[in-house]
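The following report goes through aromatic ring pairs, a helix packing and the surroundings of one histidine, in that order. Please keep the sequence and the coordinates at hand while reading.

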Amino acid sequence: MHFASGIVRPPFEAGCEFLQITSGCSHNKCKFCTFYKDAKFAISDMNEVAADLDELAHSPWRHYNRVWLQGADSFVAPYDRLMEVAELIYEKLPWVTSIGAFARVTNFRNKTVSQLERLRDAGYSRLTVGVETGDDFLLRRMNKGYDSAFALEQMSKVDAAGLTWVGQFINGLGGADYGDANALESARLYNQLRPMLIYTASLTLFQDTPLYQDVQAGTFSEASETERLEELQTLISALDCPTEIRCEHVSMPVKLAGRLPHDKERLVAELEAAKASAADGTLACYRRSIVSL
């Protein structure tokens, strides 16, 4: 198999075949990100893709009915290439019924609603999109490469096409004393969209990230664990879009999940109860123990 780096996928995409169609990240400038530093961005040659599919087809291991495309944002590939990949997947792996991938908001800029509809019909679904925040100040500070108005425009196209997607939210991204803004502006953005799931991670910095260097320089202060819990309470309270929310990433010391709006009160109460663990240092100890995301 042709893998430029290790397998990277959300926890809920574990039951997939893994296929690289891009390597690295087309942006690779987000200040908090520790992934894909060892892989130059490239779109895979189709001969490599075909060879990998042949290897998967003859694998003695269990065959899954979903393919997860490797690469930081495989949906950056042009529409024609994504359709070609789908056709080849179904030819080589006839038991496959759906295809997922990571995507950046900018990946949809070169695709029309009609093209996104055809990609949906070709089996693409449950794309995991690195929205991270709806706060324009943070989008600029973290070098995301777009603003919230652009995110709304592009993700509205995805919704209009009926293409299902998961929005990522980074708890604590604004640092100390910025939780309310991150939560409220992110809720404002999501409330205008239709994510099937909001998947939450919590900012956890490593030495190979520019944001870690900001901490060392004293220009960025990380949010406390109590602030992060309060930020999540604000986010969940402000969300009005019917969706699922999961706080289950390894970076989340408090795990919870539910459907909104049905489980809103329960989730807020669970976060309130968790503050005792933040006060006694248990959650901070957990974060210090994280060695990899």
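In this predicted model, the structure holds eight aromatic pairs. A pair of aromatic rings is described by the distance of the centres and the angle of the planes, and two of the pairs are set out below in these terms.

| Pair | Centre to centre | Angle between planes | Arrangement |
|---|---|---|---|
| Tryptophan 68 and phenylalanine 102 | 5.1 Å | 85 degrees | edge-to-face |
| Phenylalanine 137 and tyrosine 178 | 5.6 Å | 45 degrees | tilted |

The edge-to-face pair links distant parts of the chain, since tryptophan 68 belongs to strand 4 (residues 66-70) and phenylalanine 102 to strand 5 (residues 98-103), 34 residues apart. Tryptophan 68 and phenylalanine 102 are both buried.

The tilted pair joins phenylalanine 137, in helix 4 (residues 136-141), to tyrosine 178, in the loop between strand 7 (165-171) and helix 6, and so ties together parts that are 41 residues apart in sequence. Phenylalanine 137 counts as partly exposed because its relative accessibility is 38%, and tyrosine 178, with a relative accessible area of 22%, is partly exposed as well. Elsewhere, Phe75, Phe108 and Tyr124 form one aromatic cluster.

The loop that holds tyrosine 178 leads to helix 6, whose packing is the next topic. Helix 6 (residues 179-190) packs with helix 8 (residues 225-238) at an angle of about 25 degrees, and the two axes are 8 Å apart. Because angles under 35 degrees count as roughly parallel, helix 6 and helix 8 are described as roughly parallel to each other. The crossing in which helix 6 passes helix 8 is right-handed. On the side of helix 6, the contact is made by Gly179, Asp180, Asn182, Ala183, Leu184, Ser186 and Ala187, while helix 8 contributes Glu231, Thr234, Leu235 and Ala238. Sorted by class, the contact of helix 6 with helix 8 comprises five nonpolar, four polar and two charged residues.

The last topic is histidine 249, which lies in the loop between strand 9 (243-247) and strand 10 (256-260). Is histidine 249 buried or exposed? Its relative accessibility is 14%, and because buried means under 20% relative accessible area, histidine 249 counts as buried. When residues up to four places away in sequence are not counted, histidine 249 touches Tyr199, Thr200, Ala201, Lys255 and Leu293.

Methods
Residues are numbered from 1 along each chain as its sequence is written. This is a predicted model: local features need pLDDT of at least 70, side-chain atom pairs count only at pLDDT 80 or more; totals for chains, interfaces and linings use all residues. Side-chain values use heavy atoms; hydrogens and water are left out. Helices (H or I, at least four residues) and strands (E, at least two) are DSSP runs, numbered from the N terminus. Buried means under 20% relative accessible area, exposed over 50%, partly exposed in between (1.4 Å probe, protein chains only). Contact means heavy atoms within 4.5 Å. Axes are lines fitted to C-alpha atoms, for helices over the stretch in contact, and angles run from 0 to 180 degrees between N-to-C directions. Angles under 35 degrees count as roughly parallel, over 145 as roughly antiparallel, 65 to 115 as roughly perpendicular and the rest as oblique. A crossing is left-handed if the near helix is turned anticlockwise from the far one by less than a right angle, and right-handed if clockwise. Ala, Val, Leu, Ile, Met, Phe, Trp, Tyr, Cys and Pro count as nonpolar, Asp, Glu, Lys and Arg as charged, and the others, Gly among them, as polar. Rings of Phe, Tyr and Trp (its six-membered ring) pair if their centres lie within 6.5 Å; planes under 30 degrees apart count as stacked, over 60 as edge-to-face and the rest as tilted.
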